[in-house]
Amino acid sequence: MFCNIGGKIKGLARIIFIIEAVFAAIAACIFLFDEDTILIGFLILIGGFLSAWISTWILFGFGELIEKTTEIANNTKTTTATAAQRTENFSAEQCENVDSDINVVTDNNVTDPQPQTGICQLCNSESHLTYCKIKDNLGIRYRNICDECIAKHNAIPAKK
Ligand SMILES: [Zn+2]
């Protein structure tokens, strides 16, 4: 009975407009049938129609306002709930990430002593490689390079 008031007000505005327009048309007809008052009849028709239309704007606008406000209120409710849930999830994820970071560090410490072999990205020779920061006239680069190249380029071992 009291739900969707905005929609009901808009419906009422439409009904009022139709009633006013019909009354204006009836009143106009009375004058239109007489040749002496035909001009008055036209004025009543146009004027009545316009005033019916304009007078229902306020009512229609009010209905629209209530409708939109209700919509916003509903949306805000949902958004707030979602945001709260997201924050909860995020903190949970963060905690997990911190845990996994610790695990990664531990794993690295275990695997590091094993020599990593491959093709040096500077001299292309197969050798033990170290991930290093190389600074020369070309700028700063990060490459997997051999021990010889480390000495040659004064490279600094870097963390991946
Ligand atoms: Zn090399």
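## A walk through the strands and helices

Let us begin with strand β2, which is joined to strand β3 (residues 139-146) by 8 bridges, the two running antiparallel. Two strands are said to pair if DSSP finds at least two bridges between them. Helices and strands themselves are DSSP runs numbered from the N terminus, with H or I over at least four residues for a helix and E over at least two for a strand.

What you see is a predicted model, in which local features need a pLDDT of at least 70, side-chain atom pairs count only at pLDDT 80 or more, and totals for chains, interfaces and linings use all residues. Residues are numbered from 1 along each chain as its sequence is written.

Back to β2 and β3: they form a hairpin with 2 residues between them, and T130 stands opposite I145 in β3. Strand β2 (residues 126-136) also pairs with strand β1 (residues 117-119), in the antiparallel sense over 3 bridges. There, T117 faces H128 in β2. This pair forms a hairpin too, with 6 residues between the strands, and N124 in the turn has a positive phi of about 65 degrees. Strand β4 (residues 156-157) is joined to β2 as well, by 2 antiparallel bridges; in β4, I156 is the bridge partner of K133.

Now step back to the whole chain. It has 3 helices and 4 strands, following the pattern α-α-β-β-β-α-β along the sequence. Of its 160 residues, 8% count as buried. A residue is buried if 20 or more other C-beta atoms lie within 10 Å of its own, exposed if 12 or fewer, and partly exposed in between, with C-beta atoms placed from the backbone.

For a closer look at one residue, find K68 in helix α2 (residues 38-111). Is K68 buried or exposed? K68 counts as exposed because it has 11 C-beta neighbours inside 10 Å. Its C-alpha atom is separated by 8.2 Å from that of G6, although the two residues are 62 apart along the chain.

How confident is the predictor? That is what pLDDT expresses for each residue, from 0 to 100. The chain averages 82, and 82% of the residues score at least 70. Among the elements, helix α1 (residues 5-32) has the highest mean, 91, and α2 the lowest, 76. Over residues 104-113 pLDDT stays under 50, and the model has 0 contacts for them beyond four places in sequence. Two residues are in contact if their C-beta atoms, placed from the backbone, lie within 7 Å.

Notes:
pLDDT = per-residue confidence, 0-100.
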